[in-house]
Amino acid sequence: MDIVLYYAPHTCALVPFVALNEAGAAFRVEALNFRKKQQMSEDYLRLNPRHKVPLLVVDGKPLTENPAMHVWIARTFPQAGLMPEDPWMFAQAVSVASWCASGIHHYLSAINSPLKSCDAPGSEDSVKRLAHAGLDENFAIADRMLAGREFLFDRFSTADAHLFWCLRRAGQLSYDVDRWKNCKSFFGRISERPSVQNVFNFEKETLARFAS
Ligand SMILES: N[C@@H](CCC(=O)N[C@@H](CS)C(=O)NCC(=O)O)C(=O)O
């Protein structure tokens, strides 16, 4: 099987990258330079007209959207146990992935690019303030979900990778994640996983390459 992951530094493409590492999959990573708008190139738009990462191309066929990737990776590499087997718990893991992808991600995008949410003059601070309030509400929920737990489910899952990315991105965007104490310790634990360290190293090398 030929697996290619299209990725960009700091983005939610970290999630399938970590998942594929955890699965022990053989795959290649194509890094896009967003500063050069490489996601808008003709070649990339042919693969993904939505100009987003992550994109998985498996034996030449594209798959978009993180929650779909969670399912495909977990089912393709079942030995890695990356999503719960029980149908109800499996659906719960898909629910968390969908929440991260749709319920949390858009607040991160609004803080990163407020003018894409509202281009009325002088609206940037309001957009960011509302997005911070949205993150407060959602991370308070995540903090309760993580109380007394190592992971969101019985063992590490792709849902953990997704929540981890949301927390990381929020921190990068000057949101104070540390005040959510269960999220903070969860973040520390997940950061230490070799699968995540591998992505961090790749990210560092990629950013250095893009800067040169
Ligand atoms: N719903 C998508 C969101 C993907 C997404 O928004 N990716 C951002 C980076 S985190 C992106 O590629 N933005 C580039 C653009 O919109 O041009 C998923 O969860 O896979």
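Leaving aside its neighbours within four places in sequence, Arg193 touches Glu22, Phe151 and Phe156. That residue is a handy way into this predicted model, as Arg193 sits in the loop between helix H8 (181-191) and H9. The protein has nine helices and four strands, and a domain assignment splits it into domain 1 (3-80 + 195-211) and domain 2 (87-193). Here's the rundown, from the whole chain to single residues.

**Overall build**

- Reading from the N terminus, the elements go β-α-β-α-β-β-α-α-α-α-α-α-α.
- A compact globule of 212 residues would have a radius of gyration near 17 Å, and the protein's value of 17 Å agrees with that.
- Along the principal axes, the C-alpha trace spans about 50 × 45 × 30 Å.
- Of the 212 residues, 48% count as buried.
- Take the contacts with a separation of 6 or more: 66% of them come from residues 24 or more positions apart.

**Surface and charge**

- The protein exposes about 11000 Å², and carbon and sulfur atoms supply 52% of that area.
- On the charge side, there are 24 positive and 23 negative side chains.
- The centres of those two charge sets lie 3 Å apart.

**Two domains**

- Domain 1 is assigned as two stretches, 3-80 and 195-211, while domain 2 is 87-193.
- Taken over C-alpha atoms, the centres of domain 1 and domain 2 are separated by 19 Å.
- Where they meet, 19 residues of domain 1 are in contact with 21 residues of domain 2.

**Helix H1 and what covers it**

- Eight of the ten residues of helix H1 (residues 14-23) are buried, so the rest of the structure largely encloses this helix.
- The buried set in H1 is Leu14, Val15, Pro16, Phe17, Val18, Ala19, Leu20 and Ala23.
- Strands E1 (3-7), E2 (28-31) and E3 (55-58) are among the elements that cover these buried residues.
- Helices also help cover the buried residues of H1, including H3 (66-76), H7 (158-172) and H9 (194-211).
- Right after H1 comes Gly24, which has a positive phi near 70 degrees.

**Backbone details to look at**

- Val53 and Pro54 are joined by a cis peptide bond, with omega about 0 degrees.
- Pro54 has its place in the loop between helix H2 (42-47) and E3.
- His10 isn't a glycine, yet its phi is positive, near 70 degrees.
- You'll find His10 in the loop between E1 and H1, and its 28% relative accessibility makes it partly exposed.
- Asp59 is another non-glycine residue with a positive phi, in this case near 50 degrees.
- The loop between E3 and strand E4 (61-64) holds Asp59, which is partly exposed with a relative accessible area of 49%.

**Back to Arg193, plus two exposed residues**

- Arg193 counts as partly exposed because its relative accessible area is 21%, and the cut-off for buried is under 20%.
- Asp143 is 50 residues from Arg193 along the chain, and their C-alpha atoms are separated by 20 Å.
- Ala211 belongs to helix H9 and is exposed, with a relative accessible area of 69%.
- Although Ala211 and Asn33 are 178 residues apart along the chain, 9.9 Å separate their C-alpha atoms.
- Asp43 has its place in helix H2 and counts as exposed at 54% relative accessibility.
- For Asp43 and Gln92, 49 residues apart along the chain, the C-alpha separation is 36 Å.

Conventions. Residues numbered from 1 in each chain as written. Predicted model: local features only at pLDDT ≥ 70, side-chain atom pairs only at ≥ 80, totals over all residues. Heavy atoms only, no water. Helix = DSSP H or I, 4+ residues; strand = E, 2+ residues; numbered from the N terminus. Rg over C-alpha atoms; globule rule 2.2 N^0.38 Å. Buried < 20%, exposed > 50% of the residue type's maximum accessible area, 1.4 Å probe, protein only. Contact = heavy atoms within 4.5 Å. Areas by Shrake-Rupley, 256 points an atom, 1.4 Å probe, with all protein chains shown as cover. Lys, Arg positive; Asp, Glu negative; His and termini not counted. Charge placed at Lys NZ, Arg CZ, Asp CG, Glu CD. Domains from an automatic or database assignment.
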